[in-house]
Amino acid sequence: MKILISNDDGYQSPGLLALAEALRERWEVEAVAPDRDRSGASNSLTLDVPLRATCLGNGITRVDGTPTDCVHLALTGLLESEPDLVISGINHGPNLGDDILYSGTVAAATEGRFLGLPAIAISIDSHRPAHLDTAARVAVQLVERLRTEPLDSSLILNVNVPDCPYDELKGFLATRLGNRHKAEPVVMSRDPRGRVIYWVGPAGSEQDAGPGTDFHALRSGYVSITPLQVDLTKHSALEGLGRWLSACS
Ligand code: MN
């Protein structure tokens with residue numbers, strides 16, 4: 001089996017390297033990753049400038065684009081043969097609830113959804129992780145499980161792993177996305193020439209984060225696994241919207 005890995009933290013990220021190392025013990029692995037930290041890039045494609053890919057010789061290719069660019073390039077011409085699976089991560093920091101709309105980690109996985117197996121986005125619950133081996137081992141386990149019993153290949157599995165020794169994990173939980181309060185205000189500052197600049201502020205605090213959610217599972221020491229789909233249609237609203245529109249002429 002051949003696995004394509006990518007991320008949004010950049011090709012030098014310890015999370016990517018730990019994932020590559022663990023998967024390589026069993027499978028063929030190719031990494032195609034951004035040349036720098038592109039966290040928050042979401043599903044953006046670079047269309048206004050060309051992309052350059054540099055093969056670094058150790059199974060890693062660096063691209064001067066977004067996570068989506070990386071996987072798109074890999075699957076549409078860069079790789080000699082198509083992989084069976086895309087795994088994105090291991091992201092430093094969790095991707096929970098609304099985070100997934102902005103996440104480049106989830107976006108890279110999403111771009112791989114046309115392959116034979118569900119794509120996986122994996123994040124660890126720390127921006128300075130001490131237990132990347134735990135998350136890497138979780139990734140290996142999930143791939144083994146998918147090989148034994150494949151899931152619907154249109155799924156994207158959003159995985160969040162506590163930053164603790166593997167033996168301290170409470171288990172694996174299937175979860176739904178929770179959500180956060182409105183984001184913190186932007187931080188206004190001035191550049192050295194006195195002009196106003198802004199830094200986007202941190203994400204909001206947890207709002208819908210009770211039992212059953214990804215927030216709750218992770219906080220309780222479980223590996224949280226949320227099945228995502230690309231179809232954002234709110235199917236339950238279709239009929240009501242139809243009735244509402246019937247008054248429009
Ligand atoms: Mn990131």
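**Close-up 1. N91 stands opposite S123 of β6 in a parallel strand pair.** The two strands involved are β5 (residues 85-92) and β6 (residues 119-124), which run parallel and are joined by five bridges; strands are DSSP runs of E with at least two residues, numbered from the N terminus, and two of them pair if DSSP finds at least two bridges between them. The model is predicted, so that local features need pLDDT of at least 70 and side-chain atom pairs count only at pLDDT 80 or more, whereas totals for chains, interfaces and linings use all residues. Residues are numbered from 1 along each chain as its sequence is written, and side-chain values use heavy atoms, with hydrogens and water left out.

**Close-up 2. R62 of β4 is the bridge partner of A33 and also of T54.** Strand β2 (residues 28-34) runs parallel to β4 (residues 60-63) and is joined to it by four bridges, while β3 (residues 53-55) runs antiparallel to β4, with three bridges. In the hairpin of β3 and β4, four residues lie between the strands, and G57 takes a positive phi near 85°.

**Close-up 3. Nine strands form an open sheet with mixed pairing.** Their order is β3-β4-β2-β1-β5-β6-β7-β13-β8. Because β3 and β8 (172-174) stand at the edges, each with a single partner strand, one side of each is left without a neighbour in the sheet.

**Close-up 4. M188 lies in strand β10 (residues 187-190).** With a relative accessibility of 48%, M188 counts as partly exposed, a class that falls between buried (under 20% relative accessible area) and exposed (over 50%), using a 1.4 Å probe and protein chains only.
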